[in-house]
Amino acid sequence: MAKRKPKLAVWKFASCDGCQLSLLDCEDKLLEVADSIEIAMFMEASRAVIKGPYDLSLVEGSITTPHDAERIHKVRRASKYLVTIGACATTGGIQALKNFRDVDDFVSIVYANPDYIESLNKSTPIADHVFVDYELQGCPINKNQLIEVISAFLNGRKPNIHSYSVCMECKRRSTVCVMVAHGTPCLGPVTHAGCGAICPSYNRGCYGCYGPKETPNTSSLASWFEKMMDVDDDDIVRYFRTFNAFAEAFRKESESHET
Amino acid sequence: MPQETDKKISHYILKATELKSLLDILFQREYHVIAPSIRDKSIEYDPIASFDEITRGWIDHQKPGSYRLANDEQDRFFGYVVGFSSWKKYLYPADKKLFEAEMDTKNFRVIEDGTAAPKYAFLGVRSCDLKAIEILDKILTEGPYVDLDYKRARDNALIIVVNCTRAGENCFCYSMGTGPRAYSGFDLALTEISDGEKHYFLVDTGSRSGEELISELGLSSASEDEIKTAEKAIEQTIANMSKILNTDGLKEKIWANLDSLYWDEIAERCLNCGNCTLVCPTCFCADIEDTTDIAGEKANRTRKWDVCYTLNFTYVHGGSIRTSCKSRYRQWLTHKLSTWIDQFGMFGCVGCGRCITWCPVGIDIAEEAKQLIESS
Ligand code: SF4
Ligand code: SF4
Ligand code: SF4
């Protein structure tokens, strides 16, 4: 008898769908995935849903509503392994910019009938609510890394995903450092590798899409921006407040430059 | 790899206009020529397919954490010093597939990488970098485990050195005894002289292959005057090299300061980003990565440059040994300037200055070592 294929489910919370798209974007690899796993629930690809429990759940998006704060527990209960994908699910995402302000103020400005809006004060990562087996960072995630995580889980090994700096990828591909050679501020030295150093290879500084790396020294980098590259406090706040604004290291750094 | 000639080094003259002929011979002999070119405002060692791709007329200004190119008033070919990459990227690539493995019904079959060893001609190797290659030779080919890929590439490589007639702001090869002039270990060594009127290279031969190239080019011997002019230019480089690291008892002095509070001060600045290690021409640490395909039928083993600045580097069962940034920086500096001597019998630093220039926050190994010692 053929071995039962493991069941994969993809879940969405507050997010833009970009990370799920990375899975669709795997194209021919997706067929390989489908050969080895049963894609039991993936609404972005098909309406057909196979009931849980699931062997592997990929969770995209952050928790921003009371309803979602409950729903994530159901997802956890239905999943053997739960892997979060993307900046929203791992750090709260760009929508966590609201965490620095009073949400009620926005709601009353934006909506004609604010009473219908039920939104939590903060956008929070999945790991704040349930146990997460693995977090894949990035906005959006890298499709090759996603395939790597899926293969690793299927084959019972550790994923080859590194939490060191973007600089590591930058130098390995022989990209000229934009900080040193062009004087362009770059978040690469404090940012988690994974994108393959795309921005520096196009002569742009790293935007920090993959969130903080392991042991990030943001204050040293920020003070170099200030002293040597004429970046003022307001801009430092902007550098650290993008897709991973609420990740602890980036949040603390931006808060310490608020004027 | 250069075979030493019996006689001592001979000197010839190559006119600047004849550099193309030298290159043409290399192309004819089917060398994969790697030479300095300009990429994204920096000198980079790239493969070139014709003489026209060689860069000319640039100098570099290097400061801790800063690199800028500028026009060279003397319009030299080799007015700049070293770029961020080093020759190790060719001899010991950053990502190297070691083998592939396949499952058939029962067994596990290893498919070795069958690609032929490359035949490189490196043009513009500086003396410090040549010494760095010799350090890698010792580590990768003279121990009990020989890195065969490295050895094959190295055995085939033709090395054309350029002696430095200008010192970069972060160069301290003279302190480390590795430059600015190379005396052995090359096939040819060029000293570029450009004084407004004349523009030529004094060519030293260091091997039989080098001699052969000279005779094919039909170069004439250098005069006493020309030899002296080149010597003077090198002396001038030494006189202009402002960066100095006192190596007297350096190993012991660093060892005596392992508990200095100064390490904490460095750790406040160090980003543990790993750039210093990746650009260092002698750092050879690598990680071995195994990957499988989704079906679990194919596997790949890859070697990737690694650095002592990551947590994973010292991960053993239960956690990492060097969890603090301080301990990781200390490991790096101590290895380069102290424990490397116990391990391999020489410094792990050739004074090329790359780690200083390409550190995003300008941490300066020579300066930090000095401060560390003075802090005690
Ligand atoms: S360009 Fe950015 S990511 Fe690349 S080495 Fe420089 S600081 Fe690091
Ligand atoms: S010394 Fe500089 S280049 Fe090296 S890890 Fe620290 S910050 Fe990065
Ligand atoms: S430690 Fe720094 S100066 Fe010394 S060889 Fe390495 S990169 Fe060059």
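The chat below goes through the ligands, the chain contact, the open and closed spaces and some local features of this predicted model.

Reader: What should I know about the model and its numbering before we start?
Author: This is a predicted model, in which local features need pLDDT of at least 70, side-chain atom pairs count only at pLDDT 80 or more, and totals for chains, interfaces and linings use all residues. Residues are numbered from 1 along each chain as its sequence is written, chains are lettered from A and ligands numbered from 1 in the order in which they are written, and side-chain values use heavy atoms, with hydrogens and water left out.

Reader: Where is ligand 1?
Author: Ligand 1 sits between chains A and B. The residues around it include A:Cys167, A:Cys170, A:Cys177, A:Cys186 and, from the other chain, B:Asn275. A residue is near a molecule if one of its heavy atoms lies within 4 Å of it.

Reader: Which helix gives the most to that shell?
Author: α7(A) does, with four residues. In chain A, α7 (166-172) and α8 (178-182) each supply at least two residues of the shell. Helices (H or I, at least four residues) and strands (E, at least two) are DSSP runs, numbered from the N terminus.

Reader: How does the shell around ligand 1 divide by class?
Author: Nine residues are nonpolar, two polar and one charged. Here Ala, Val, Leu, Ile, Met, Phe, Trp, Tyr, Cys and Pro count as nonpolar, Asp, Glu, Lys and Arg as charged, and the others, Gly among them, as polar.

Reader: And what comes nearest to ligand 3?
Author: B:Cys280, B:Cys349, B:Cys352, B:Gly353 and B:Cys355, out of 13 residues around ligand 3. α11 and α12 (354-357) of chain B each give two or more residues to that shell. By class, the shell around ligand 3 has nine nonpolar, two polar and two charged residues.

Reader: Switching to the chains. How many residues are in contact?
Author: 51 residues of chain B are in contact with 37 residues of chain A, where contact means heavy atoms within 4.5 Å. The area buried between the two chains is about 3400 Å², and carbon and sulfur atoms give 55% of it. Buried area is the accessible area (1.4 Å probe) that two parts lose on being put together, summed over both.

Reader: Which three residues supply more than any other three on chain B's side?
Author: B:Asp40, B:Leu271 and B:Ile294, with 21% of the area that chain B buries against chain A.

Reader: How many salt bridges between chain B and chain A?
Author: The count is zero, although the whole structure has 35 over all chains. A salt bridge is a side-chain nitrogen of Lys or Arg within 4 Å of a carboxyl oxygen of Asp or Glu. One of them joins A:Arg238 to A:Asp235, with the closest N and O atoms 2.5 Å apart. Those two residues are about one helical turn apart because they are three residues apart in helix α11 (residues 233-240) of chain A.

Reader: Now the spaces. How much space is in the largest pocket?
Author: About 860 Å³. Of its 31 lining residues, A:Asn144, A:Glu148, B:Glu289, B:Thr291 and B:Lys304 are closest to the centre. The lining has seven nonpolar, 12 polar and 12 charged residues.

Reader: What about cavities, how many of 30 Å³ or more?
Author: There are six, and the largest holds about 110 Å³ of space. Its lining has 12 nonpolar, three polar and no charged residues. On a 1 Å grid over the protein atoms alone, a cavity is a set of points where a 1.4 Å probe fits but cannot get out, and a pocket is an open set with protein on both sides within 12 Å along at least five of seven lines; lining residues have an atom within 4 Å of a point. Grid points are joined across faces, edges and corners, and a volume is the space filled by probe spheres set on the points.

Reader: Last topic. Where are the cis peptide bonds you'd point to?
Author: One joins A:Gly52 and A:Pro53, with omega about -5 degrees; A:Pro53 is in the loop between β2 (38-41) and β3 (54-60) of chain A. Another joins A:Cys139 and A:Pro140, with omega also about -5 degrees.
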